[in-house]
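Work through the exercises below with the sequence and the model side by side. Try each task before reading its solution.

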Amino acid sequence: MVRWLWAARRSAALLARLNNKPASGAETLHLPAQHHHSQVRQLSSPVRMPEINMDNLDEKQVQLLAEMCILIDDNDRKIGADSKKNCHLNSNIDKGLLHRAFSVFLFNSEEKLLLQQRSNAKITFPGCLTNTCCSHPLHTASELEEPDAIGVRRAAQRRLQAELGIPMDQVPPEEMTYLTRIQYKAQSDGVWGEHEIDYILFMQKDVDLNPDPNEIQSHCYVSKEELKEILEKAKRKELEITPWFSLIAETLLFKWWDNLHNLKQFIDHDRIHRM
């Protein structure tokens, strides 16, 4: 009961904020300051971390920068591994560094989409509104497996638990639909950014939520009409959404959403949508 009440308050607060209405417990968005530019690491050298001033960054998020991501070429072929830190430095992205990622879109039984607002502790795109879960498969045996994107779907299960507290048995990989892939590049600030081939994963299920506040500051379920209002507010600079979510929502999302029970027609594992 306590968890449910907490989740209800957080959802109400976020929806109230998005609709410019006062709500008890709603947080004010404060974006962290930009950091200083960094030196470029030669991609052919052994893995090491460029010297970056991280004094103002969240300790837990800094620890996660040591995770090893999967490096890929423009056709999503594995070419190696590098740290999450190196993969998200604009200085490396400008040299072509590209890694594998995923975006989960989780709908409840009412066909409402679960959104999250990234915590202000996040290093890239802090405080931004985005889809249910966005992260990376790691360079581990289980998450490197490629048939039917099973490694990516395992990574999604792991991160749904880590970020949103969803029990892993409620989000088994076999219940996720892998639709297609997109490629995009975006700067978060002068130092950090994203350059990913992003696997799009859909799932419809009622789940238990217990978000980690270091990952997520608020969350809510939205209807199609509510999301359209959010996108309009973002265009007017009244709120911020992540670039990958904006790209997907403005192009492909609503077509998929209209066909939640008939997604097979949209499955395309051959094409990579270049955005």
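**Exercise 1. Place phenylalanine 202 in the fold and list what surrounds it.**

Step 1: find the element. Phenylalanine 202 sits in strand S8, residues 193-204. Helices (H or I, at least four residues) and strands (E, at least two) are DSSP runs, numbered from the N terminus.

Step 2: note the ground rules. This is a predicted model, in which local features need pLDDT of at least 70, side-chain atom pairs count only at pLDDT 80 or more, and totals for chains, interfaces and linings use all residues. Residues are numbered from 1 along each chain as its sequence is written, and side-chain values use heavy atoms, with hydrogens and water left out.

Step 3: check burial. Phenylalanine 202 has 2% relative accessibility, so it counts as buried. The classes are buried (under 20% relative accessible area), exposed (over 50%) and partly exposed (in between), with a 1.4 Å probe and protein chains only.

Step 4: list the contacts (heavy atoms within 4.5 Å). Residues up to four places away in sequence are not counted. Phenylalanine 202 then touches Phe105, Phe107, Glu175, Met176, Thr177, Leu179, Leu253, Trp256, Trp257, Leu260 and Leu263.

Step 5: take one partner further. Leucine 179 is 23 residues from phenylalanine 202 in sequence. Their C-alpha atoms are 7.3 Å apart.

**Exercise 2. Which elements flank glutamate 111, and which flank phenylalanine 125? Compare their backbone and burial.**

Step 1: locate them. Glutamate 111 is in the loop between strand S3 (99-107) and strand S4 (113-118). Phenylalanine 125 is in the loop between S4 and strand S5 (129-130).

Step 2: read phi. Glutamate 111 is not a glycine, yet its phi is positive, about 65°. Phenylalanine 125, also a residue other than glycine, has a positive phi near 50°.

Step 3: read accessibility. Glutamate 111 is partly exposed at 29% relative accessible area. Phenylalanine 125 has 9% relative accessibility and counts as buried.

**Exercise 3. How many salt bridges does a search of the whole structure find? Examine three pairs.**

Step 1: count. The search finds 18 salt bridges. The criterion is a side-chain nitrogen of Lys or Arg within 4 Å of a carboxyl oxygen of Asp or Glu.

Step 2: take lysine 60 and aspartate 212. Their side chains meet at 2.6 Å, N to O. Lysine 60 is in helix H2 (residues 59-64) and aspartate 212 is in the loop between S8 and strand S9 (216-222), so the bridge ties together parts 152 residues apart in sequence. Lysine 60 is partly exposed at 37%, whereas aspartate 212 is buried at 18%.

Step 3: take glutamate 215 and arginine 159. Their N to O distance is 3.3 Å. Glutamate 215 is in the loop between S8 and S9, and arginine 159 is in helix H6 (residues 150-164), so this pair ties together parts 56 residues apart in sequence. Glutamate 215 is buried at 2%. Arginine 159 is buried at 8%.

Step 4: take lysine 235 and glutamate 232. Their closest N and O atoms are 3.6 Å apart. The two residues are 3 apart in helix H7 (residues 224-235), so about one helical turn separates them. Lysine 235 is exposed at 51%, and glutamate 232 is partly exposed at 38%.

**Exercise 4. Describe the setting of arginine 100.**

Step 1: locate it. Arginine 100 is in strand S3 and is buried, at 2% relative accessibility.

Step 2: find the network. Salt bridges link Asp76, Lys78, Arg100, Glu146 and Arg181.

Step 3: read the polar contacts (N or O atoms within 3.5 Å; within protein, one must be able to donate a hydrogen and the other to accept it, and residues adjacent in sequence count only if both atoms are side-chain atoms). The arginine 100 side chain reaches the backbone oxygen of aspartate 76 at 2.9 Å. It also makes a 3.0 Å polar contact with the side chain of glutamate 146.

Step 4: add other contacts. Beyond four places in sequence, the partners of arginine 100 include Ile70, Ile72, His136, Pro137, Val152, Ile197 and Tyr199.

**Exercise 5. How many disulfides does the search find?**

Step 1: apply the cut-off, a pair of cysteine sulfur atoms within 2.5 Å. The search finds 0 disulfides.

Step 2: check cysteine 69. Its nearest cysteine sulfur, in cysteine 87, is 4.5 Å away.

Step 3: check burial. Cysteine 69 is buried at 1%, and cysteine 220 is buried at 0%.
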